Amino acid sequence: EISLQDIQGRLENLLYVTPEESFESGMTSHDLNRGNYQWSDNNHKTARRKSLMIWPPSHLFPMRVDFEQDYKGGELVHRIAAIYHGHASGVEAVDSTTIFPAKHHITASEEDFEESLVRIQEELRERVEELR
């Protein structure tokens with residue numbers, strides 16, 4: 001079982017940010033753009049729900065994942081939906097979705113980045129010599 005805090009940590013590791021963190025001129029803090037995520041609380045009569053709005057750059061539209069508290073107090077996925085602008089209901093349920101990183105090039109640490117950069121530069125030199 002994974003907690004909502006774990007989900008948020010994984011999103012941040014995949015370089016997703018909240019709208020507030022990517023605040024650009026002319027935008028409000030509630031505008032959701034590609035690479036953003038946002039949590040909201042939805043209290044219903046019978047259950048406490050939390051929703052995750054996320055817009056993976058690989059998707060045409062944002063996704064919404066609704067979590068519902070189970071009887072043990074843990075969170076369960078209640079529904080996954082695509083949010084379509086201009087769609088009659090605005091939301092269409094889907095069975096599953098894949099969340100890819102918000103940015104293409106990510107590394108776990110600065111050391112990994114430096115090591116990758118050295119390998120890329122070496123490969124570039126080799127290819128230049130090969131193509132001459």
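This briefing describes the fold, the surface and selected side-chain pairings of one protein chain. The structure is a predicted model, in which local features need pLDDT of at least 70 and side-chain atom pairs count only at pLDDT 80 or more, while totals for chains, interfaces and linings use all residues. Residues are numbered from 1 along each chain as its sequence is written, and side-chain values use heavy atoms, with hydrogens and water left out. The chain contains 2 helices and 5 strands, where helices (H or I, at least four residues) and strands (E, at least two) are DSSP runs numbered from the N terminus.

**Overall architecture**

- Read from the N terminus, the elements follow the order α-β-β-β-β-β-α.
- Of the 132 residues in the chain, 27% are buried; buried means under 20% relative accessible area, exposed means over 50%, and partly exposed lies in between (1.4 Å probe, protein chains only).
- Among contacts in the chain with a separation of 6 or more, 29% are between residues 24 or more positions apart, a contact being heavy atoms within 4.5 Å.
- The accessible surface of the chain is about 9,600 Å², and carbon and sulfur atoms hold 51% of it. Such areas come from the Shrake-Rupley method with a 1.4 Å probe, and for residues only the protein chains shown count as cover.

**Helix H1**

- Helix H1 spans residues 4-13, and its buried residues are Leu4, Ile7 and Leu11.
- Seen down the axis of H1, these buried residues fall within an arc of 55 degrees, so they line one face of the helix. The arc is that of the directions from the helix axis to the C-beta atoms.
- Gln5, Arg10 and Asn13 are exposed on the other side of H1.

**The loop between H1 and S1**

- Leu15 follows just after H1 and belongs to the loop between H1 and S1.
- Although Leu15 is not a glycine, its phi is positive, at about 70 degrees.
- With a relative accessible area of 33%, Leu15 is partly exposed.
- Thr18 is also located in the loop between H1 and S1, and its relative accessibility of 18% makes it buried.
- When neighbours within four places in sequence are left aside, Thr18 is in contact with Asn36 and Tyr37.
- Asn36 is in the loop between H1 and S1 and counts as buried, at 2% relative accessibility.
- A polar atom of the Asn36 side chain lies 3.4 Å from the backbone oxygen of Val17. A polar contact is a pair of N or O atoms within 3.5 Å; within protein, one must be able to donate a hydrogen and the other to accept it, and residues adjacent in sequence count only if both atoms are side-chain atoms.

**The aromatic pair**

- A search of the whole structure yields 1 aromatic pair. Rings of Phe, Tyr and Trp (its six-membered ring) pair if their centres lie within 6.5 Å; planes under 30 degrees apart count as stacked, over 60 as edge-to-face and the rest as tilted.
- The ring centres of Trp39 and Phe67 are 6.0 Å apart and the ring planes stand at 45 degrees, so the pair is tilted.
- The pair links distant parts of the chain, with Trp39 in strand S1 (residues 37-43) and Phe67 in strand S3 (residues 63-69), 28 residues apart.
- Phe67 is buried, at 5% relative accessibility.

**Salt bridges**

- Side chains of opposite charge can pair when their charged atoms come close. A salt bridge is a side-chain nitrogen of Lys or Arg within 4 Å of a carboxyl oxygen of Asp or Glu, and the count by this rule is 4.
- One of them joins Asp66 and Arg64, whose closest N and O atoms are 2.8 Å apart. Asp66 is buried, with a relative accessible area of 5%, whereas Arg64 is partly exposed at 24%.
- Another joins Arg119 and Glu115, with 2.9 Å between the closest N and O atoms. These two residues are 4 residues apart in helix H2 (residues 110-131), so about one helical turn separates Arg119 from Glu115.
- Both ends of that bridge are partly exposed: Arg119 has 46% relative accessibility, and Glu115 has a relative accessible area of 48%.
- Glu129 and Arg132 also meet through their side chains in a salt bridge (3.5 Å, N to O). Glu129 is exposed, at 54% relative accessible area, and Arg132 is exposed as well, at 73%.
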